[in-house]
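Trainee: Please pick one part of this model and take me through it closely. Then show me what else there is to look at.

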Amino acid sequence: MRFQSVFFLFIVVFISIFHSCSYRNDEAEIRIGFSQAMIADEWRQSMNNAMELQASLYPNVTLSISNADYNVENQIKQLKEFIAADVDIIIVSPIQSKPITPIVEEAMKAGIPVLVVDRKTDNQKYTAYVGADNIEVGRNAAKIIVSNLPDSLKVVEIRGLAGSSPAEERSLGFHQILDKFPSIEFMGTIQGDWEKESITGGFKELLQEIGPVDYVFVHNDRMALGAWEVARNLGIEDQIKIIGVDGLNGPNGGIQLVKEGVLNATILYPTGGDEAIKTALKILNDEIVPVNNILSTTVIDRFNAEIMQNQLNKINEQQTLLESQVTAVKRQKELYYSQNNILKIILGFSFIILGLAVYSIYSKIAIAKKNRQLELTNRKITVQRNQIEKIANEVKESNEARMNFFTGLSHEFKTPITLIMSSIESLRDWQRQKGFKTGFEVELIQNNSNRLLRLINNLLDFRKVEDQKFNVRASKTNIFKFSNNIFSEFKVEARKRGIKFNITSNNEDLELFIDRNLMDKVYFNLLSNAFKFTPDNGRIDIEILDNLAGSLVTIHFKDNGIGIPENELEFVFTPFFKGSNNRKNSSGVGLHLSKQFVELHLGKIEVKSHHGTEFIITLFKGDTHFNEDQIVVDPELVDTTLINFSDGIGLEEGSVGLEGQNREEQHSILLIEDNRDLTFFLNNKLGSEYEMLISDGTDGLAMAYEHIPDVILCDVNLPDKSGFEICQILKSDLRTSHIPIILLTALSNKESFIKGLECGADLYLTKPFNYSILTQSIKSLLYNREKLRYYYTNNIHKIDQVHSFGDPEQLFVRQLNQQIKTNLDNTNFSVENLADALNISRVQLYRKVKAMLGISVSDYISNYRLEKAKSMLESTNYSISEIGYATGFSSPNYFSTAFKGKFGVTPGAYKKSL
Ligand code: FRU
């Protein structure tokens with residue numbers, strides 16, 4: 001706050017500096033209003049110039065000149081304006097005395113001093129007068145004339161504007177002298193208006209009438225020139241002496257006219273412009289100023305015209321000099337003021353910069369202080385946040401751990417359930433084969449196992465929904481048939497409990513795009529609920545209503561059970577909801593999951609309760625509401641959890657699958673599984689058909705390398721290495737890469753499935769897997785291996801020519817062939833040498849080649865050699881023995897025997913047959 005006021009002070013100082021920047025005088029401004037009678041003639045212009053020059057010497061003086069232009073009305077108006085503007089002083093050169101007198105009085109009354117110049121008003125009610133004495137002017141003119149006496153002289157007077165004081169006074173002075181001399185004959189007066197045009201006519205007439213005169217006194221030089229012109233026109237100019245007034249210096253001025261002999265003389269009548277300004281300023285300065293300030297006048301004739309002109313020229317020059325100096329001074333002053341202003345601005349800005357610098361230092365210190373405080377607070381907050389984060393993480397971790405525990409546990413449940421279900425399945429099959437009736441206990445175990453499995457699946461789905469891991473895989477489905485299938489599963493229970501259970505549809509052909517797996521769970525949840533809460537002999541209906549014209553379908557599940565209290569309806573779909581009237585065990589996730597699954601279909605599920613409960617599912621028809629990747633053309637119903645176990649093949653314990661099959665020719669299966677029950681179960685079931693090798697996971701890899709089995713069944717969750725890791729290692733090892741691997745796991749999510757594929761697993765079965773699917777899968781993998789074997793054995797020496805398709809087995813065969821090819825003529829080249837070259841043991845090589853190619857290594861080498869020999873017989877001219885040695889046979893005889901053994905003909909006979 002303190003600094004804010006300091007800053008405010010800075011601003012005030014700055015503004016005042018700026019304020020002082022304007023160009024101004026310390027003295028008060030003086031406004032002078034001058035009403036000039038007219039400005040057409042040079043005398044007036046000279047007067048104005050003199051005034052302006054004088055005024056310019058005073059920077060505080062503003063002179064405004066108004067031109068009345070010979071118009072008395074104009075002049076009155078101008079004077080009134082000056083009064084209204086309250087100028088400091090009025091200067092006036094009245095056109096005529098009388099009309100201007102009252103307005104001058106008015107100004108005086110208004111307190112504005114009035115300075116009368118050149119011409120006067122009628123009375124002396126003005127502050128002062130500046131001008132020459134016009135009576136004296138007239139007298140001077142008369143004196144020139146009378147100086148020529150005693151000759152009798154004829155004289156004419158040409159007067160200025162009647163009513164103007166100079167005209168009156170000049171005439172007065174003139175006659176005062178002239179009239180004293182009776183010898184002077186006054187021939188008449190011509191009345192002019194100061195301009196020559198006003199007198200030429202009258203003067204001409206007079207001269208024509210009276211003839212030449214001796215002297216003509218003309219009130220000013222302009223009219224005097226006009227008079228001369230008239231005389232010249234009459235040819236009498238030399239006989240007439242003309243005396244003018246004004247005596248201006250300049251080309252048409254009176255002095256020049258005197259010099260040229262046009263005028264006999266001129267009476268100097270000074271304009272008094274400079275004097276007028278000086279006097280005005282004196283008045284305003286309250287100096288004592290005489291009322292009449294008379295300017296001196298003089299006669300200019302041919303004797304002094306030259307001197308006068310010189311003097312006046314000098315004065316003019318000085319005036320010009322003065323003017324230029326005044327201009328220079330003015331410029332200097334302007335420069336001074338502008339520089340002064342710039343200096344002040346710079347000073348002002350420096351002041352501000354200084355202020356800002358001080359302020360910024362202050363701010364910096366203040367900010368640093370605040371920052372320190374903030375840092376401290378921040379640190380505190382960070383510590384608190386870290387604590388909160390730690391607690392949150394702990395909570396999250398413990399939650400996660402709990403969830404993982406439950407998920408893991410749920411997965412763990414799956415293996416025993418698999419066992420229970422598979423055992424039950426076997427038991428039923430055995431009973432069926434023996435012709436026994438399945439006992440109700442067996443059915444009970446089976447139903448409850450199913451129920452248990454569903455509950456576990458619900459629990460796992462709940463986790464999956466929470467992690468948003470579900471992706472819809474919708475396929476075209478006849479919704480009536482689909483519903484009817486599930487309906488059938490509940491029919492037995494309905495019958496047992498006397499429940500009227502019906503399914504109806506207004507369009508049994510209706511096809512919808514649904515994710516069958518998800519929708520199956522929705523149906524099971526809704527129907528399980530309905531059966532749970534419907535009393536014996538009650539009623540449950542499934543009704544599919546196709547809104548035929550519209551785009552929606554509704555599926556109704558209606559029961560007449562205990563219903564749901566009205567005020568609880570809105571919470572039905574929230575997780576862990578349990579109705580207040582529900583006395584049964586319930587996880588509370590079924591309806592929540594159902595809602596999530598329906599919403600994954602962009603549908604909705606609603607509940608009504610009135611004399612029972614009704615759930616209504618609304619789904620869209622068509623597939624446009626799904627993304628492309630959500631639609632599947634051929635739905636995989638391989639979710640083993642949904643497949644009816646009663647479909648399983650179920651072999652009797654210890655029974656032999658393929659009767660009479662030679663143990664030697666049996667395929668071997670390595671089972672890597674740490675669950676002893678499952679191991680026992682599978683060993684028992686598969687042992688009849690396959691040679692079983694068992695590992696609990698600790699020696700899985702070692703056993704695989706040792707035995708090179710035909711198929712590996714491997715659990716994912718193992719104590720040592722995971723199934724994924726084992727699979728990865730075996731698939732990237734040349735010795736075992738050819739072995740089909742089936743991963744058995746309780747992890748059914750997509751990521752695990754992908755992980756399984758990534759590590760090279762040939763099949764991925766989730767627990768509880770269907771036993772028949774497992775056996776079928778083993779068979780088809782072995783069949784595929786057989787096809788591959790057929791391919792390899794029939795393309796032995798072509799493998800290295802065809803393009804690689806990136807298969808490790810193909811690579812193996814190529815390496816094998818390469819070694820044999822390199823040692824083709826080496827009769828000592830043995831299986832041991834080959835195994836060494838391939839960096840595997842002799843037994844492993846034997847088993848791998850046997851597994852892949854179906855023959856022993858030595859047979860394979862021999863076959864390779866014979867095939868090569870055959871193609872050499874076909875394409876070269878080498879002898880039989882040469883070809884035999886070249887293909888690694890130690891003698892021609894041995895070659896011949898071996899060749900005949902394989903191709904049925906001797907090499908010689910074969911060659912001939914070509
Ligand atoms: C100029 C003028 C002068 C004369 C004066 C009298 O306008 O006519 O020639 O001397 O006025 O006021």
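**A sheet and its helices**

Mentor: Start with one pair of residues: Ile 712 has Ile 741 in β23 as its bridge partner. Keep in mind that this is a predicted model. Now widen the view to the two strands. Strand β22 covers residues 711-715, and strand β23 covers residues 741-745. They run parallel, and four bridges join them.

Next, find the sheet around that pair. It is open and has five strands, in the order β21-β20-β22-β23-β24. The pairing is parallel. Look at the two ends of that order: β21 (691-695) and β24 (763-766) are the edge strands, and each pairs on one side only. Between neighbouring strands the turn averages 20°, with direction ignored.

Now add the helices. Helix α17 is made of residues 700-707. It lies across β20 (668-672), β21 and β22. Its angle to β21 is about 150°. Helix α18 takes in residues 723-731. This helix lies across β20, β22, β23 and β24. Against β23, helix α18 runs at about 175°.

Then go to another sheet. Six strands form an open sheet in the order β7-β6-β8-β9-β10-β12, and here the pairing is mixed. At the edges stand β7 (184-191) and β12 (299-301); each has a single partner strand, so one side of each has no neighbour in the sheet. On average, neighbouring strands in this six-stranded sheet are turned by 20° against each other, direction ignored.

Take one pair here too. Strand β8 (residues 215-218) and strand β9 (residues 241-246) are parallel, with three bridges between them. Opposite Phe 217 you will find Ile 243 in β9. Helix α8, residues 221-234, lies across β6 (153-159), β8, β9 and β10 (265-268). It runs at about 160° to β9.

Now turn to the ligand. It has 13 residues around it. Which of them come nearest? They are Arg 44, Asp 118, Arg 119, Asn 220 and Asp 246. Look at some oxygen distances to side-chain N or O atoms. For Asp 118, a ligand oxygen is 2.8 Å away. For Arg 170, the distance is 3.0 Å. For Asp 41, it is 3.1 Å.

One stretch has a label from a record. The unreviewed UniProt entry annotates residues 342-362 as "transmembrane region". In the model, that stretch is 100% helix and 0% strand. Its end C-alpha atoms lie 29 Å apart.

Finally, step back to the chain. How is the chain divided into domains? Domain 1 is 30-130, domain 2 is 133-270 + 296-307, and domain 3 is 311-416. Then come domain 4 (475-633), domain 5 (663-766) and domain 6 (795-913). Between the C-alpha centres of domain 4 and domain 5 there are 40 Å.

Methods:
Residues numbered from 1 in each chain as written. Predicted model: local features only at pLDDT ≥ 70, side-chain atom pairs only at ≥ 80, totals over all residues. Heavy atoms only, no water. Pairing = 2+ DSSP bridges. Axes fitted to C-alpha atoms, helices over the stretch in contact; angles between N-to-C directions. Contact = heavy atoms within 4.5 Å. UniProt positions renumbered as here; feature names shortened; annotations may be inferred. Domains from an automatic or database assignment. Near = heavy atom within 4 Å. Polar contact = N/O pair within 3.5 Å; in protein donor to acceptor, adjacent residues only side chain to side chain.
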